[in-house]
Structures are given as C-alpha cells and as structure tokens.
Amino acid sequence: MDIRALGYLRVETTKFEEWRTYALDLLGMVAATGSDDDTLYLRIDDRAHRLAIVRGTTDRLQAAGWEVANAAALAAAGRELEAAGVAVKAADDAVLAERRVQGLIQFTDPCGNPLELYWGQAQDHTPLGTPYGNRFVTGTADGTGDLGLGHVVLPVPDIEAALDFYEHVLGFQLRDSMKLPPQAVPTAKEQRDFHLMHFLSPNRRHHSLGLYPGELPPGIVHFMVELETLDDVGRGLDRMHDAGIPIASTLGRHTNDRMVSFYAQAPGGFQVEYGWDGLIVDPATWVAKEITADSFWGHRWNG
C-alpha cells in the first residue's frame, strides 16, 4: 500500500478554549481558514490544516489521517483493505469538506483506532505567520520528501495484531522496537516480563507512528511536532513553564530518532512532544533494531 505520510489529526475535546490557548499561544500554531466556535483548524505549513480540534462531549482522537498520492492510490488501498477483511467506509461530501480533501476512506485498526486514508488536501498559499517566528518541519530540508505532520503514538493492547496490520496491510516499515517493563504498561491486555513498543513509518522520518502496548482512554498517547531550530523548542519550553503547563518529560535526546524534545501535558489526558533534529533515514538500507534506552540524556518522566 502506497501511504506517504501522517497528514492530519482530529481531536475531540471537552476543553475547547484550553486547546485554543494551548495550540496558538504555546505551540505557536496558526488558526486556519474555516475555524469557528466549534472547530479549530490549525496550520503549521502550507496545508489547509494539519490539526483539527473539535468541541465535543469526550476527550478522544477522532481520526489519524494518512495521505496517499492520488485517486488511483486511494482506490487501490481500499481494495487491499477489503481483501484483508477490513470494513471500509467512503466519506460523504460533508466529511470531504471538513477535511478539505478530494477523496477519503475511513476504517479502524485491529485495536479500534480510527484511521483515514485520503488524497488531494487543499493548500493555503498565504504566508504562515507563526506568532513567534517559529517554523515547523513537515518535509525534508532539500524539498525532496514529504514527512507529514510529525508522529502519533497510538494505544494498541493487542500489539501483535497491530504490528502485523501496520506492517503487512498498510505497508509501514518497522524502524525499531523497545522493551518496556510491566510497570510502564499497567493497561496491557496481559502482563508479561516485558512489553514491546514499536516505531514505524511510511516515509523517511524515523517514525511517523508509535505503537504503545496498552490502553489509554483518549485513544492517543502523544503526538509530535518538529521545529526547525533548537531555540524554537527552548522558547516553547519557556512558554509552557510560564503558563503553568505540567512538563511530563524534561528536555532530552531520544536514542532512536535522535530528536531533542520535551513532552508537555495537553488538554484532554495525553501529551504533545515538541522536538528538533529528528533523524531522516533511507528506507532502502534501514535495518530494524532493538533500542535498549529511551534517551541518551534527559527525558526524565514526571508521571
């Protein structure tokens, strides 16, 4: 299956006004055309939006949208999903208009996580004009590859079924895995001596997807956005501190994707990773590995 990148996330929230402040004033994103009192569309590049925050009655991930190249690729993906026994729903005109896309199908992974495949998302050609001059990384520096929004980590209590689905049905490449102690996965389907967490991607970003082997009520563990400079990350950390936002994990550098980042609590029970200097890989030569430490330094978790 020819999936290119993580295109967007849709998040339902009971804390809509908190999210507005969090996304615009702290993360440094930009409100996109079409935002209203019930939906906040957020730009970080030239796409119409990369995040949609939707006022609702629960705090949950509504959808993770993955991009394919064109209508033919979407049709082929739909046939492959149906051949694998996955129930597929074609989006109606209202959904297409909400996502600003030309075509879209909806389905779930084996653990019930809501996924969408789409093509033809609209662009916004006006200057981005972020509030702090910060710039987000959604493509390679040489302009030869789309890296997408960043990455998302999804809860998958059935880790074996999820890994098989993302590798062999959706066609993601496994980049590496990490053993987690039982106390790090209190909501695992069954307790074991250790649990495996996996990192995968359909493109050159080290990982666009993380699979956490347990449950989490919002249906999302965290998402990551990458900034162009370390100073952008440092200033974001200052803004979080000044606003009294709990820092879930201190600044550090990961071992697998080399990202220098921190994690901040987001409204609704999950986290946002704010990072710089993520690893770009060559899928043709990459060899999957086991990492034995989360970080080279830092990333001290506070619960």
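Reader: Where does H299 lie?

Author: In this predicted model, H299 lies in the segment that follows β18 (295–298).

Reader: Why is H299 called buried?

Author: The relative accessibility of H299 is 5%. Buried means under 20% relative accessible area, and H299 therefore counts as buried.

Reader: Which residues does H299 touch?

Author: Residues up to four places away in sequence are not counted here. H299 then touches S249, T250, L251, G252, R253, H254, M259, S261, Y263 and D294.

Reader: What makes the approach of H299 to G252 a polar contact?

Author: The side chain of H299 reaches the backbone oxygen of G252 at 3.4 Å. A polar contact requires N or O atoms within 3.5 Å, and the value of 3.4 Å therefore meets that cut-off.

Reader: What is the phi of H299?

Author: Phi of H299 is near 50 degrees, which is a positive value in a residue other than glycine. Phi of D277 is also positive, near 70 degrees, and D277 is likewise a residue other than glycine. G171, just after α4, takes a positive phi of about 85 degrees.

Reader: Where is D277, and why is D277 called partly exposed?

Author: D277 has its place in the loop between β16 and β17 (289–291). Its relative accessible area is 34%. Partly exposed covers what lies between the limits of 20% and 50%, so D277 belongs to that class.

Reader: What makes β13 a mostly covered strand?

Author: In strand β13 (residues 222–227), 6 of its 6 residues are buried. H222, M224 and E226 point one way, while F223, V225 and L227 point the other way. In a regular strand the side chains alternate between the two faces of the sheet.

Reader: How do you know that β13 pairs with β9 and with β16?

Author: Two strands pair if at least two bridges are found between them. Strand β9 (residues 151–155) and β13 share 3 bridges in the antiparallel sense, so the condition is met. β13 and strand β16 (residues 270–276) have 6 bridges in the parallel sense, so that pair qualifies as well. F223 is the bridge partner of V152, and M224 stands opposite E273 in β16.

Reader: Why are β2 and β6 said to stand at the edges of the sheet?

Author: The open sheet of 8 strands has the order β2-β3-β4-β1-β5-β8-β7-β6, with mixed pairing. β2 (30–31) and β6 (89–90) each have a single partner strand, so one side of each is left without a neighbour in the sheet. Within this order, strand β5 (residues 60–68) and strand β8 (residues 114–119) run parallel and are joined by 4 bridges. W66 has L117 as its bridge partner in β8.

Reader: Which residues have the most contacts inside the largest nonpolar core?

Author: That core has 61 residues, and those with the most contacts inside it are W19, W66, Y166, L170 and F223. A second, separate core of 10 residues includes V153, M178, L180 and A188. Y166 is among the buried residues of helix α4 (residues 159–169), as are I159 and F165.

Reader: What describes the packing of α1 with α5?

Author: Helix α1 (residues 16–26) and helix α5 (residues 230–243) pack at an angle of about 140 degrees, with their axes 10 Å apart. Y22, D25 and L26 in α1 meet R239, M240 and A243 in α5. By class, this contact has 4 nonpolar, no polar and 2 charged residues.

Methods: Residues are numbered from 1 along each chain as its sequence is written. This is a predicted model: local features need pLDDT of at least 70, side-chain atom pairs count only at pLDDT 80 or more; totals for chains, interfaces and linings use all residues. Side-chain values use heavy atoms; hydrogens and water are left out. Axes are lines fitted to C-alpha atoms, for helices over the stretch in contact, and angles run from 0 to 180 degrees between N-to-C directions. Helices (H or I, at least four residues) and strands (E, at least two) are DSSP runs, numbered from the N terminus. Contact means heavy atoms within 4.5 Å. Ala, Val, Leu, Ile, Met, Phe, Trp, Tyr, Cys and Pro count as nonpolar, Asp, Glu, Lys and Arg as charged, and the others, Gly among them, as polar. A nonpolar core is a set of buried Ala, Val, Leu, Ile, Met, Phe, Trp, Tyr and Cys residues joined through side-chain atoms within 4.5 Å. Buried means under 20% relative accessible area, exposed over 50%, partly exposed in between (1.4 Å probe, protein chains only). A polar contact is a pair of N or O atoms within 3.5 Å; within protein, one must be able to donate a hydrogen and the other to accept it, and residues adjacent in sequence count only if both atoms are side-chain atoms.
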